[in-house]
Each structure stands twice: as C-alpha cells, then as structure tokens.
Amino acid sequence: MKWLLAGLAFAAVVGLAVATAAVRAHNIAERAALQRLAERLEGARIEAAGERARLARACELRELIQRWRECRQRIEGRGS
Amino acid sequence: MTEAWERVRIVVCFGAFGAIALGLVARLSDLQVVRDAAALRHTLSQEVASDTIAAPRGTIVDRAGDPLAIDRPVVEVRAQLTLWGDARADGDDRPRTLAEFCTARDRFASDVVLGLSRCAELRMDVAQRDALRDALRHRIDAALVRRCERLDPSRFGLRDDADGDATVDPLRPTPLRDVERIDVLVARDVQHGAVLEELRALDYRRCRSAPRGPTRANDGRVRYQVTFDFARRYERDYASPDVLFGLVGAVSDGAGVAGDDRIPVGGLEKLRVLLPREPGHRRARADAGRRLFWTADLAEPEPPILLHTTIDVGLSVQADTELDRAAEKVRASYQGSPPEWGALLLVDVPTGELLAGASWAAGKDGQRDLHGAFAPTSRVFQPGSVVKPLHVAMGLSRGDYGWDRTVDPARDGALSRSRTIREDHPLPVVDVHDILVQSSNVGAVRLGLSMGPQGIEDYLRHYHFGEPTAVLLPGERAGSRPADITTLNPREQTIYAGPSVLFGYQIDVTPLQITRAWLSFLHGAERELRLIRGITCDGAFRAHAAPAVGPRFLDPHVARDVRATLVDVLYEGTAKHIWGDLDGREFPRGLVGGKTGTSEYTGDAFRWDGTRVRASIRTASFACFAPVEEPRFLCVCVLQKVGATKFYGGAYAAPAAVRLLLRALDGA
C-alpha cells in the first residue's frame with residue numbers, strides 16, 4: 001500500500017511537470033499556428049486586392065460600352 | 001525501532017513528494033490565476049521591435065461609388081543576410097575570401113529562386129528565374145559595395161559598373177570580416193500570399209517549423225542565415241487612367257517604404273485630404289527566454305478617406321471618344337495638322353455636377369498627348385459668339401430692348417471712326433432672334449450697348465468672368481476680364497472694351513469657366529460647378545458644402561424664350577451643318593438647343609510641333625443643352641487651332657458636343 005501511494009505521488013509530480021511542459025509547448029505551437037494563420041490571412045487580403053485590380057483592368061470600360069451598344073442594337077433590331 | 005524509523009522515512013518521503021506536488025500546483029495557480037494579468041503585462045512590455053505599417057492614400061470614387069483611384073497593398077521584401085564561409089577551428093565562420101562569399105551568395109539566390117519557382121501563381125519560366133537569380137546576385141554585390149565604401153572598395157576588387165550594378169572580383173581578398181549583415185531588396189511588389197509563404201520558409205527563425213528551409217551547399221553546410229522584413233506599401237490603381245488622367249491625376253512612384261513618398265501629379269490627387277492618415281504598428285515581443293513571442297499586437301493603419309466625386313466614368317469615356325473624333329476631323333481637314341488643344345465638358349444642370357471632362361492636347365509628334373495639361377482648367381481662350389445669348393437674355397430681362405428690336409449690320413457696325421464691328425458673313429437687317437441664330441456681331445454689340453456700362457458690368461459679374469470655378473481642381477487658371485466697365489473712360493465703355501466683351505473678346509476664360517457661365521444662364525441665377533460631393537471618413541459621410549446659389553438675374557419667361565430660340569441654331573443657324581456628323585441620329589425639334597462660337601485674333605503662339613509663330617489663333621466652341629424646356633444636361637466643346645482659316649464652332653465643336661449630349665440623354 002505504502003509503495004503504491006509513493007508511486008502515485010511520484011507519478012503525480014512527474015505528471016504535473018510533464019503537463020506544465022506540455023501546456024507551454026502547446027501554447028508555443030498554437031501561437032505559431034495563429035501567427036502563420038494571421039500571416040496567411042494578410043497575404044490573402046493582399047492577393048485579393050491585387051486580383052480585384054487585375055480583374056478591373058481586364059474588363060476595359062470602353063470595350064464594355066461598345067459591347068453594350070452592340071447588344072442594344074441587336075435587341076432593338078430584333079424588336080423592329 | 002526499525003519499524004518506527006521506517007515509518008518516519010515513509011512519512012518524510014511522502015511529505016516531500018506531497019510538498020513538491022503542492023508547490024507545483026500552487027506555482028501553477030499563482031502564475032495562471034493570481035498573477036495572470038501582471039504576467040501578461042510583463043510579457044507585453046517586453047517589446048523588441050516595432051514596425052510601422054504605412055497607411056494608404058485616400059480613395060477617389062465616382063458618382064456611383066466605384067473607385068477611380070485606389071491604393072492596392074503590396075509587400076516589399078528585404079532580406080537581412082548573414083553569409084558564412086568554411087567552418088574553422090576558431091569558430092569564426094565568416095567568409096574570408098570572395099570565393100566563399102560568392103558560394104554563399106549564390107546559394108541564397110538559388111534558394112530564393114527555387115522557393116519562388118514553386119509558386120504556381122508566378123508562372124516563372126527559365127529565363128525569368130535566371131534573371132531573378134542574377135538580379136539578386138547583383139543586389140547583394142551592390143549592398144556589399146555600399147557597406148564597404150568606407151573600406152576603399154577598389155582595394156578589395158569591388159567595383160561599381162557605369163549602370164549602377166556592382167560586381168565582385170572573386171580573386172581578391174574579402175572585406176567581409178568587417179560586414180556583419182547585408183540588407184538586400186528581394187522584391188518590391190509581392191502580391192501573392194504563396195510567395196510570402198515560400199520566403200518565410202527560408203527565414204531562419206522559422207526553419208524548425210517550416211516544411212522547407214535553406215538548402216545545403218555541396219560541402220553539406222548551410223551557407224547563410226536570413227531573416228526577412230515584410231513591409232507593406234501601396235501601388236495606386238486607376239480606373240480608365242488615360243481617360244481620367246486630367247480630372248483624377250496620378251501619383252509618381254515612390255522610392256522607399258518609410259511612409260508615403262509618392263508625389264501627386266495633377267488633378268484631384270493633389271488635394272491634401274487624400275494624404276495618408278495615421279500609420280499602424282506591429283510590435284514584436286520576446287518572452288522571458290528572449291524568444292520572439294507573437295501576440296497579435298497589430299494596430300492597422302487608419303482606413304483611407306473616400307473622396308466622392310460627381311464623375312460618371314461611362315460618360316467620361318464617351319466624352320473622350322467624341323473629343324478624339326473631333327480632333328481627328330480637324331486633322332483630316334487640315335492635311336494632317338491637328339488642333340493645338342481641345343476640351344469637352346458635360347454637366348448635370350439641376351445640380352451643377354460635372355459628369356465628364358475630356359481633354360485633348362497634341363504632342364510634338366502630332367499625336368495625342370495623353371498626359372498633357374488638362375485643357376478645361378489650364379487653357380484660356382477668348383470665347384467669341386458663344387457668350388451672346390448670355391447677355392441678350394439679361395438685356396431682355398432688364399427690359400432694355402424687346403424681341404422686335406432690329407439692327408442693320410451694314411449700317412450699325414461703325415462704333416467710331418477708329419472702330420467698326422464686322423460680321424463673319426454678310427447679314428441683312430436682323431432682329432433679336434436672328435442675332436442669336438445667325439450670330440450677328442453687330443447685333444450683339446448694339447443690343448449689349450443698350451444695357452449701358454452698368455448693364456455690361458453686371459453681365460461680366462453675374463457670369464463670373466475672370467474668376468476660377470469652385471471645382472477645386474488644383475492649378476485652374478483664373479482667366480481675365482477688363483476692369484470694372486463703369487470706371488472706364490467713355491471711349492472704352494462704348495467703343496473698345498465695352499463692345500468687345502459683348503461678342504466674346506477681351507475676356508479670357510477656361511472651358512470650365514464658360515461652362516459655368518452657361519450653367520448660370522440655364523438656371524437664370526448665379527451657379528457654380530461641382531466636382532466633389534463630400535468625403536467619407538470613418539464610416540461617416542460629410543457632404544462638401546454645395547456652392548451657394550446667387551441671386552436670380554434672368555426672367556424665367558425670357559430665359560425660356562431665349563433657350564427656345566437657340567433650338568433654331570441647329571436647324572437654320574450657324575450649326576445647321578452638323579446633321580451629317582451625328583451618325584444618323586435624329587431627334588425631335590425642340591430637344592436640343594445650342595450656340596456656336598468662333599473667335600480669332602492674331603498673336604504669338606506655340607504650335608503643336610513646338611514652333612513659335614505669329615499667326616491667327618482660332619478657337620471654335622459650341623455650348624448646347626437638352627431638353628430645351630427643362631434642361632437636364634449642358635455640354636460645352638472647345639477646340640483651338642493656330643494658323644487655320646474657316647475653323648468654325650459649328651463645323652468642328654458642335655458635332656462632338658451634340659453626340660455626347662445625346663449619349664447622356666440615352667442613359668438618363
């Protein structure tokens with residue numbers, strides 16, 4: 001009985017020490033993961049802004065107006 | 001005795017374990033619960049670095065709220081590079097020869113290129129990879145040269161090329177023992193998240209957690225240690241930049257990332273309200289073990305201000321197209337010689353909002369200079385006959401004469417023995433209707449003189465000639481007008497300045513100013529043009545105070561009759577030849593009214609090809625509005641040509657203005 005209690009007490013001490021280290025390691029790992037996530041988010045925001053600008057450049061307004069006018073003429077021609 | 005001693009030992013052992021366990025629990029509770037706030041404060045106070053995050057410039061938006069000029073964030077990446085040489089017994093791994101330096105340098109360049117080539121977004125081919133590798137090598141060499149300037153670079157085989165690149169002679173001894181770290185620009189405008197991820201993977205602070213790190217050289221050694229600085233900066237994006245350059249302006253490319261060092265060039269970009277607001281900060285902290293401790297301690301820069309304008313991008317594109325057509329028509333009519341400049345403006349009459357403003361300027365090669373000065377604000381001209389309805393409506397409103405007043409151009413042109421007003425084309429006896437429709441100079445002068453000096457002065461004041469407009473475009477010229485007519489001597493009042501301003505001479509206006517004068521005419525009261533609606537700052541819209549409406553000076557019935565008279569200008573007057581230039585468009589009589597203007601004077605002028613000549617300077621203009629009964633749109637077109645004859649507003653300016661007006665009516 002007494003050795004069992006001694007073993008349990010020893011295990012409790014070791015367990016606490018391990019748990020403390022684990023909490024700390026987990027904290028560091030989670031913090032690093034959060035950091036990576038935040039960096040990825042910032043990268044995604046920058047990429048999205050660039051993509052928006054690229055798409056805006058891709059549809060040139062003058063061309064859109066020209067196409068809209070052609071479509072309108074076609075529709076009006078069909079109506080008459 | 002033995003049992004008692006054994007019991008004591010057991011109690012002591014158990015007591016010790018228990019005490020340790022209790023101590024650990026107590027310590028844990030103390031740190032995590034009791035001293036939690038203090039510990040966090042302590043950690044947060046361990047700041048090791050603070051990066052400034054530049055704030056973006058304000059965003060300019062059109063009348064629909066879509067951006068015309070907006071800052072796009074990009075990331076400038078710089079490497080803090082430490083290069084290593086061969087391992088040595090004394091533990092000093094710094095490179096001792098330039099060959100060692102070159103090995104380490106090339107390894108770093110290869111690793112960066114390898115990382116970036118993994119990014120599918122970049123789609124780098126072999127040539128691009130080689131170019132990037134060479135660029136990195138050159139930058140590292142250049143950085144080394146800069147760091148070693150104090151050490152007499154030539155002594156170490158470092159030299160600057162004529163084009164600013166630097167090269168390293170590998171056979172010379174290296175001064176690198178005196179250089180701890182090299183700061184190298186890796187990329188100036190990274191905008192892909194994957195690229196940033198790859199570069200971060202090379203950062204030695206993250207190597208343990210990153211899937212990829214620096215590769216090893218042939219001798220198995222990692223030859224460098226790098227940390228990256230990622231600084232946010234901005235590129236300015238413009239909607240339809242060629243069309244809106246004059247109104248919106250642009251900013252020059254900045255040289256560095258410390259703050260915003262871009263310089264605004266022209267247009268609304270010059271307004272101070274667009275300057276970046278307070279920057280943000282990102283703080284790096286260290287824990288008790290001096291390890292970097294990420295805390296999400298990030299203060300974003302203040303969001304940009306939104307500058308709301310009245311610009312309609314679609315109509316601006318139309319205005320640009322129509323003005324270009326008008327200029328090309330001039331070129332075709334004058335054996336390839338283009339007009340010196342042109343301007344086309346469209347205004348929403350009820351609000352005075354400027355919807356579109358196009359500018360045309362000839363470069364020295366005769367082609368259009370897309371980035372020339374913005375003609376609507378920077379060019380002045382004598383408006384000519386386009387001002388006649390403005391004072392005729394005043395004279396009729398004041399009762400100085402009636403619609404039945406007649407003038408005989410052949411007899412009434414002589415103001416004195418020294419000055420005779422002449423017509424551009426012979427005219428019979430004309431009444432007020434014909435004076436406007438046939439654009440009689442003699443008639444306009446005789447009617448205007450009926451108002452007396454005070455009446456002429458009121459005409460100049462009500463239409464604000466010689467004053468800049470309220471559109472807030474930087475650099476607008478003020479124009480000019482004669483001194484107060486009532487203070488001039490009688491000869492000036494009745495023979496020179498007084499009569500001249502009545503048919504658009506001795507007045508210098510910008511296209512914007514003549515547009516403002518016509519806006520006031522259509523309202524019958526003093527009005528101002530408007531280009532800025534307001535700003536949105538921190539989510540709250542603050543309207544820009546609308547320009548005050550001045551006193552009404554035209555009788556509404558008279559103004560309506562004058563507008564109705566101007567319809568005839570397009571059918572039997574000076575603009576009757578436009579119909580062949582309207583792309584087959586037809587519209588009911590009474591929809592559009594307008595007035596031509598053609599001024600001519602001889603003076604020194606710069607032609608489009610840069611030569612200075614003394615020649616006839618002719619300015620053709622046309623102002624039109626629709627619908628006539630209740631004007632919704634006002635359009636003004638001005639073209640100037642040096643050394644031309646038969647250059648009339650009805651032939652060149654009117655078609656472009658009417659076409660744009662019809663486009664505006666289509667979408668209204």
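Visitor: Let's start with R57(B): is it buried or exposed?
Guide: Keep in mind that this is a predicted model. The relative accessible area of R57(B) comes out at 1%. The cut-off for buried is under 20%, so R57(B) counts as buried.

Visitor: Which residue forms a salt bridge with R57(B)?
Guide: The closest N and O atoms of the pair are 3.0 Å apart. The partner sits 212 residues away, in the loop between β9 (264–265) and β10 (280–286) of chain B, while R57(B) is in the loop between β1 (47–53) and β2 (59–61). That partner is also buried, with a relative accessible area of 1%. The residue you're after is E269(B).

Visitor: D134(B) and R137(B) also meet in a salt bridge; which helix do they lie in?
Guide: Their side chains come to 3.1 Å, N to O. D134(B) is partly exposed at 36% relative accessibility, and R137(B) is partly exposed at 25%. The two are three residues apart, about one turn of the helix, and both lie in α4 (residues 126–147) of chain B.

Visitor: R45(A) forms a salt bridge with which residue?
Guide: The closest N and O atoms are 3.4 Å apart. This pair crosses between chains, from helix α1 (residues 2–58) of chain A to the loop between β12 (298–299) and β13 (306–309) of chain B. R45(A) is partly exposed, with a relative accessible area of 48%, and its partner is partly exposed too, at 36%. The partner is E300(B).

Visitor: How many salt bridges does the rule find across the interface of chain B and chain A?
Guide: Side chains of opposite charge can pair when their charged atoms come close. One further pair of this sort is E39(A) with R200(B), at 3.4 Å, N to O. Over all chains the structure holds 51 salt bridges, and across the interface of chain B and chain A the rule finds four.

Visitor: How much area do chain B and chain A bury between them?
Guide: The contact takes 43 residues from chain B and 31 residues from chain A. On the chain B side, F14(B), F17(B) and W294(B) lose the most area to chain A, together 22% of what that side buries. Carbon and sulfur atoms carry 58% of the buried total, which is about 3,100 Å².

Visitor: Which element gives the most to the side of chain B that touches chain A?
Guide: Between the two chains, five residue pairs are in polar contact. Elements giving two or more residues to the chain B side include β3 (67–83), α5 (193–202) and α18 (649–667). The top contributor, with nine residues, is α1(B).

Visitor: Where does S385(B) lie, and which side chain does its own side chain make a polar contact with?
Guide: S385(B) lies in the loop between α8 (375–378) and α9 (388–398) of chain B, and it is buried, with a relative accessible area of 6%. Leaving aside its neighbours within four places in sequence, its contacts include N441(B), F503(B), K595(B) and T598(B). The polar contact spans 3.2 Å, and the partner is S439(B).

Visitor: How far apart in space are L531(B) and H308(B), C-alpha to C-alpha?
Guide: L531(B) sits in the loop between α16 (511–523) and β18 (532–537) of chain B, and it counts as buried at 1% relative accessibility. Its contacts beyond four places in sequence include L247(B), L268(B), H308(B), I311(B) and L473(B). Although L531(B) and H308(B) are 223 residues apart in sequence, the distance in space is 8.7 Å.

Visitor: And C71(A) with A38(A): how far apart in space are they?
Guide: C71(A) is found in helix α2 (residues 61–79) of chain A. It is partly exposed, with a relative accessible area of 35%. C71(A) and A38(A) are 33 residues apart in sequence, and the C-alpha to C-alpha distance is 46 Å.

Visitor: What is the radius of gyration of chain B?
Guide: Chain B has 18 helices and 22 strands. The globule rule gives 26 Å for 668 residues, and chain B is well over that, so it is more spread out than a compact globule. Its C-alpha atoms fill a box of roughly 145 × 70 × 50 Å along the principal axes. The radius of gyration is 37 Å.

Note on methods:
Residues are numbered from 1 along each chain as its sequence is written. Chains are lettered from A and ligands numbered from 1 in the order in which they are written. This is a predicted model: local features need pLDDT of at least 70, side-chain atom pairs count only at pLDDT 80 or more; totals for chains, interfaces and linings use all residues. Side-chain values use heavy atoms; hydrogens and water are left out. Contact means heavy atoms within 4.5 Å. Buried area is the accessible area (1.4 Å probe) that two parts lose on being put together, summed over both. A polar contact is a pair of N or O atoms within 3.5 Å; within protein, one must be able to donate a hydrogen and the other to accept it, and residues adjacent in sequence count only if both atoms are side-chain atoms. Helices (H or I, at least four residues) and strands (E, at least two) are DSSP runs, numbered from the N terminus. The radius of gyration is taken over C-alpha atoms; the globule rule is 2.2 Å times the number of residues to the power 0.38. Buried means under 20% relative accessible area, exposed over 50%, partly exposed in between (1.4 Å probe, protein chains only).
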